[in-house]
Amino acid sequence: MGKLIVSLSPHAHGTDSVERNMYGVIIALLPALLASFWFFGLGSAVVCLTSVVACVLFEWAINRFIFGNRQNTVLDGSAALTGLLLGMNLPSNLPLWIIVIGALFAIGVGKMTFGGLGQNIFNPALVGRCVLLVAFPAQMTTWPKAGNLLVYPVSSDPVDGLTGATPLSLMKQAITSDEPQKYLDQLPSTLDLLLGNHVNAAGALGAGTIGEVCALALIIGLCFMLWRKIITWHTPVSIIGTVFVVSGLMYLIDPAHYASPVQVILSGGLMLGAIFMATDYVTSPMTHKGQLIYGVCIGLLTIVIRNWGAYPEGMSFAILIMNAFTPLINNYVKPKRFGEVPAKQ
Amino acid sequence: MNIRTFRIGGIHPEENKLTHEVATQVAPLPKQAIFPLSQHIGAPAKPVVQKGDKVKVGTLLAEAGGFVSAPIYSSVSGTVLKIDTAVDATGYRKPVIIINVEGDEWEETIDRSDKLETVGAHPELTPEEIVNRIKTAGVVGMGGACFPTFIKLCPPPTAKAECVIINAVECEPYITADYRLMMEHADEILVGLELLMKGAKVTRGYIGIETNKPAAIDLLTKKCAEVFSASEYTVEVVPLKQRYPQGGEKQLVDAVIRRQVPAPPAIPVNVGAIVQNVGTAFAVYEAVMKHKPLFERYTTVTGKRLEKPGNFLVRMGTPMQDLINLCGGMPEGDNKVLAGGPMMGKALTSIEVPICKGTNSVTILSDDDAVRQVPQSCIRCGKCVDVCPMGLEPYLLAKLSSFKQWERAEKEDVVSCIECGSCQFTCPAHRPLLDNIRQGKSTVMGIIRSRAAAAAPKK
């Protein structure tokens, strides 16, 4: 007879694992990634691949050389996921060296300085993206010309690049303009926004980052994650719902200056942020009640930044700001304890 | 009818009910029977026999050692070999009485016939008499917790019992002893329920069964209609949606009568419910109607690698080794042997440990099932919070406990934890959440007790 193994209960474990969740999110991103290949071509593949490889390498190297070979987390999928999310938050014609700097900030500063997986306060991919947005504003808002699917990089030089207006900058210009209709008329149709099939006046495709181009593909990813129980509906629905309701009110009050709420929720990084960035386990609240508060606040901050801030897109900053509030939300928002639910019959 | 369940958290572990349709066998007598003096919650029993004494089946071996305690009866006839210590399911050496088995001679007071006795035919059974017989027979909760049954029937003056809920949920994976008991002794269980209702002076009864046991639901529903339709009692069989830990007392009360027991020290009777296991109802029947003290029980011996897993009617004191041999012996290699099921069972350090009043199963986990996976960093996914049936935050309690932040842990209600293991079962990072929470819970409970002790003399 062999040994008797002794441990405390429970002796059974479910099938869930860190890897299942991380790779599950990567699978959920595939429709959006495929859509981006369709619209942006080679550039999208090069940017995402560079970002993933750089993030994984930085994670491995920091684990190996700075943390002294502790349990290496490079295979758990979290670094690859950060890399993919970072790549999808970049334009498809960004030079490689900028992507590598972004990956270094994402993994090195955003994640590993705090101690690695599970310890970081801010979403690493967003840390990388926002550092690049502030440091390289021209390159980060230059979009590729439509039609050059097999060329990379497409006019990476910001002087020659196509900086043309994105749906969000059109919306922003409409707010303060005396002739708002001129800008609102340039907005793509709702269907085109949903599918990602739009070219702006300057001839730039999609006019947005790789991941945010096709809202429909992102929604398919959301459904997959809900089905696999990787995330719950609370964060994405509260963000999108808040933005829809508030921008809907603004549209009702002043339809001349504000875009319709459907166009607002389908534009820019809202879907990508609400579905994939804000739902990051580590940096979002632990309870459903907390997630609803977090989601509503992200929605409100996004509206404020989009309409009255310096940047046309407020999603990334809104998420980062609420990441900072997450520990506070966790501290004050508690689940309903057993015994506090009233009797009913 | 809509299928009910409890309202917070819960998980769906793989069922693995390998022995559902395996009819109960009577296990042979052991050569030597071992009777631990602590087979119940409360004070250990005090031995009343000495080395060399001759005992029969049903002879009192040890009397209750306090109010919260229960007497222990011999399950075999023979000679008391010694009063010694032996390793029990907790892994510690505890006082035991060891008896060398000779023949199978029963005390004459025990009615060994199969005749079904009904409550109606015994008007002499007053509630007080019923409670007294349950107490004398050493009946304790048979679901594993082993709380003396008679105490539950006598609620504190601040609470009023309104109903008896029979726990026939058996939500632990693998275990089928309660299911077999229901299929084979439904009549006796219903008489037991009637006795419990009469003893607790209530007229409402419920039997909570999960929907993975449709045959038991049908059988008991039919029998209830026959037995109780013309009586003063209202008994309802409540099918419950399959979900662990539905067999937890508080979860079952919530599922069946939609009331939540407040935080400790409140108990189910504070919301009017007295919960008893089906095995307990059967033991009550035998104790009251057949004058048979509690010395044998239904136990499942199971495991994926066992040759012939089965259900057994076992005399208490039988070493688990004997039962494992009946099922084809221990599987090759390293195994984990549990007293109980995989969610809440205790891993044994020796298979010489005897079957006790609360041993509803001997579960053998082999190969990968026997070992834990390496824990990773907490990814703060919040899934432990989602599944906690008590509405606690396991990730936080585990962290507070490992940092020895007892005050904060108390504030976060660590003592409400029922140790069901749902959090650890779910944790994608395989973190030993319950290990830490348990330590926090027991330390905080100690702090609360010593605070109460310090405050008491001043009054």
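**A parallel sheet in chain B and its surroundings**

Strand β10 (residues 204–210) of chain B runs parallel to β11(B), and 7 bridges join the two. This is a predicted model, so read what follows as a description of a prediction. The strand pair belongs to an open sheet of 4 strands in chain B, and there's also a chain A, with 15 helices and 0 strands. Here's the rundown, starting with the sheet and working outwards.

**The sheet in chain B**

- The strand order is β11-β10-β9-β12 (chain B), and the pairing is parallel.
- At the edges you'll find β11 (234–240) and β12 (273–277) of chain B, each of which pairs on one side only.
- Going from one strand to the next, the twist averages 25°.
- On its other pairing, β10(B) teams up with β9(B) in the parallel sense, this time over 5 bridges.
- R204(B) is a handy residue for finding your way across the strands: C163(B) stands opposite R204(B) in β10(B), while the bridge partner of R204(B) in β11(B) is T234(B).
- Further along, E210(B) has L240(B) as its bridge partner in β11(B).
- How much of β10(B) is buried? The count is 6 of its 7 residues, so β10(B) is largely enclosed by the rest of the structure.

**Helices on the sheet**

- Helix α4 (residues 186–200) of chain B lies across β9 (163–167), β10, β11 and β12 of chain B.
- The direction of α4(B) is at about 145° to β9(B).
- Helix α5 (residues 214–228) of chain B packs on the sheet too, touching β10 and β11 of chain B.
- Relative to β11(B), the direction of α5(B) makes an angle of about 170°.

**The nonpolar core**

- The largest nonpolar core has 238 residues.
- Which residues have the most contacts inside that core? They are C55(A), V164(B), I165(B) and V284(B), so named from both chains.
- Helix α1 (residues 18–40) of chain A gives the most to this core, with 10 residues.
- Take V164(B) as a worked case: leaving aside neighbours within four places in sequence, its contacts include L193(B), L196(B), M197(B) and A200(B).
- V164(B) is also in contact with V202(B), G205(B), I274(B) and Q276(B).

**Domains of chain B**

- The domain assignment splits out domain 1 (127–289) and domain 2 (383–458) of chain B.
- Taken over C-alpha atoms, the centres of domain 1 of chain B and domain 2 of chain B are 29 Å apart.
- The contact between these two domains takes 7 residues from domain 1 of chain B and 7 residues from domain 2 of chain B.
- On the domain 1 side of that contact, the classes come out as 4 nonpolar, 2 polar and 1 charged residues.

**Chain A and its contact with chain B**

- Chain A has 345 residues, and 54% of them are buried.
- Among contacts in chain A with a separation of 6 or more, 73% come from residues 24 or more positions apart.
- Where the chains meet, 36 residues from chain A and 58 residues from chain B take part.
- The chain A side that touches chain B is made up of 16 nonpolar, 13 polar and 7 charged residues.

Definitions and conventions. Residues numbered from 1 in each chain as written. Chains lettered and ligands numbered in written order. Predicted model: local features only at pLDDT ≥ 70, side-chain atom pairs only at ≥ 80, totals over all residues. Domains from an automatic or database assignment. Nonpolar A, V, L, I, M, F, W, Y, C, P; charged D, E, K, R; others polar. Pairing = 2+ DSSP bridges. Axes fitted to C-alpha atoms, helices over the stretch in contact; angles between N-to-C directions. Buried ≥ 20, exposed ≤ 12 C-beta atoms within 10 Å, placed from the backbone. Core = buried A, V, L, I, M, F, W, Y, C linked by C-beta atoms within 7 Å.
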